[in-house]
Amino acid sequence: SKREIKMRKLDSTKVRPLKSEQLLHIEDHDFALRPGFGGSPIPVGIDVQVESIDSISEVDMDFTMTLYLRHYWKDERLSFRSNKNKSMTFDGRLIKKIWVPDVFFVHSKRSFIHDTTVENIMLRVYPDGNVLFSLRITVSAMCFMDFSRFPLDTQNCSLELESYAYNEDDLMLYWKHGNKSLSTDEHISLSQFFIEEFSASSGLAFYSSTGWYNRLFINFALRRHIFFFVLQSYFPAMLMVMLSWVSFWIDRRAVPARVSLGITTVLTMSTIMTGVSASMPQVSYIKAVDVYLWISFLFVFLSVIEYAAVNYLTTIEERKQLKKRGKASGMYSMDAVQAMAFDGCFHDTDVDMDLSSFPDPCEENETRASQTNISNADTPRLKRKRSLKGNVGRIILQNNHVIDTYSRIIFPSVYIVFNFFYWGLYI
């Protein structure tokens, strides 16, 4: 009746449907149910266009990607008549009133739909009920990285898509155009990585409580640019090792110069190693850069130990020579160079020093050996062995400067061989 029509117009609780809703007959169907509910699973095609890879974090082991995610399916409940067979395009306001696939990102940490200036959502409906649903999304997801070859490594990451509520009996996810369903922007670039490849694949995921689900994978391989690490880590480490070799060309009696050079290179290597470790996750295995830095640190440390041995042998030899010269007077006259071997300081004039307070290890050993009675059980073989050891020790004491000469050749040669095997193994 006219009265009832008037009351309906005055009833503010009822919202008049939009024109688009009238064309799609939204009020005539229950869109809480999927298309073809109770029948075969509805196929939902997916294609992705990667706009950018925003960041890769080694510390957090994740990556951030911005992409266009498009869904394709058919819902006959949305079919409409069109004389020109043209589709209708809508924004995000219609999404909440119809059924859409509930695709989510597996292993994602953060994600959002861009909403500037409005939500970046597009819905396109064709007369036969085919639907295109497109989103612009930024997502941060986990990437299980292996740093055993860092920084000469290649990381394989993947972004995984899956339906949250509908298992394979209700919804079938697939790549719409096969391998061509995944496209990328030509200008994608990263500061530390070179993107080797993008590929699309699919599989199944099983959950004990809900069953099997279709899962789609966006796979990409990242190869790290090594030039940055060559400048920041490898090249400084090489220079520190070479700088430690300068000690072999400095006079063995210049104690302050050689000790300060050795300690400086050791501390610098420690600083380089600390800086590299601070920018990396605390993993429980050895990385390739750790091998290089620790071996370089060992070379620097051995150069300090080498001078300790040279200085000790030089001191013993000069004490022995001075004692032989001063046996008649009981006093030992030393020049500035010899005095510096004892106290590490340079003296402008000749220094007379009474060495009676300094015990001579060599003399004590000889006295102790002369006072010890040789056992009758000693065989000629043992005597020859002891004689050989004594001769070797005497040669080393008399020619301790030869250690520096050999070090000038051995240290660089071994380090070159190490670099050859290192870069050959990891590259």
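**Contacts, strand pairing and annotated spans in a predicted model**

In this predicted model, M280 touches V59, F147, F150 and K287, when residues up to four places away in sequence are not counted. M280 lies in the loop between α4 and α5. With a relative accessible area of 5%, M280 falls under the 20% limit and is therefore buried. M280 and F150 are 130 residues apart along the chain, and their C-alpha atoms are separated by 9.7 Å.

K287 is placed in the loop between α4 and α5 (288-325) as well. The relative accessibility of K287 is 8%, so K287 also counts as buried. Once neighbours within four places in sequence are left aside, the residues in contact with K287 are F147, S148, F150 and M280. F147 and F150 thus appear in the contact lists of both M280 and K287. The side chain of K287 also makes a polar contact, at 3.0 Å, with the side chain of D290.

The helix that precedes this loop, α4, covers residues 255-278. Helix α4 has 24 residues, and the distance from its first C-alpha to its last is 35 Å, close to the 34 Å expected at 1.5 Å a residue. The buried residues of α4 are V255, R258, L261, G262, T265, V266, M269, I272, M273 and V276.

Aromatic pairing was examined next. The count comes to 27 aromatic pairs. One of them is formed by F150 and F229, whose ring centres are 5.1 Å apart with 80° between the planes, an edge-to-face arrangement. F150 lies in the loop between β7 (130-142) and β8 (154-163), whereas F229 belongs to helix α3 (residues 227-245), so the pair ties together parts that are 79 residues apart in sequence. Both rings belong to buried residues: F150 has a relative accessibility of 2%, and F229 has a relative accessible area of 9%. F150 is also among the residues touched by M280 and is in contact with K287. Elsewhere, one aromatic cluster is formed by Y234, W245, F248, Y292, F299, F411, Y415, F418, Y422, W423 and Y426.

An unreviewed UniProt entry places the feature "transmembrane region" at residues 226-247, 259-279, 291-310 and 409-426. In the model, the span of residues 226-247 is 86% helix and 0% strand, and its end C-alpha atoms lie 31 Å apart. The span of residues 291-310 is 100% helix and 0% strand, with 29 Å between its end C-alpha atoms.

The strands were considered in turn, beginning with β1. Strand β1 (residues 42-57) pairs in the parallel sense with strand β9 (residues 171-175) over five bridges. In this pairing, I42 stands opposite L171 in β9. A further parallel pairing joins β1 to strand β10 (residues 182-184) over three bridges, where V48 stands opposite L182 in β10. With strand β2 (residues 62-74), β1 runs antiparallel, and eleven bridges join the two. The bridge partner of S52 in β2 is T66. β1 and β2 form a hairpin with four residues between them, and M61 in the turn has a positive phi of about 55°.

A second hairpin is found between β11 and β12, which are joined through three residues. Strand β11 (residues 193-207) and strand β12 (residues 211-224) run antiparallel and are connected by 14 bridges. Within this pairing, S202 stands opposite L216 in β12.

For the protein as a whole, there are nine helices and 14 strands. The protein has 427 residues, of which 40% count as buried. Among contacts between residues at least 6 apart in sequence, 75% join residues at least 24 apart. The aromatic pair of F150 and F229 illustrates a link of this kind, since it ties together parts that are 79 residues apart in sequence.

How values were computed:
Residues are numbered from 1 along each chain as its sequence is written. This is a predicted model: local features need pLDDT of at least 70, side-chain atom pairs count only at pLDDT 80 or more; totals for chains, interfaces and linings use all residues. Side-chain values use heavy atoms; hydrogens and water are left out. The expected span of a helix is 1.5 Å times one less than its number of residues. Buried means under 20% relative accessible area, exposed over 50%, partly exposed in between (1.4 Å probe, protein chains only). A polar contact is a pair of N or O atoms within 3.5 Å; within protein, one must be able to donate a hydrogen and the other to accept it, and residues adjacent in sequence count only if both atoms are side-chain atoms. Contact means heavy atoms within 4.5 Å. Rings of Phe, Tyr and Trp (its six-membered ring) pair if their centres lie within 6.5 Å; planes under 30 degrees apart count as stacked, over 60 as edge-to-face and the rest as tilted. UniProt positions are given in the numbering used here, feature names are shortened, and annotations may be inferred rather than shown by experiment. Two strands pair if DSSP finds at least two bridges between them.
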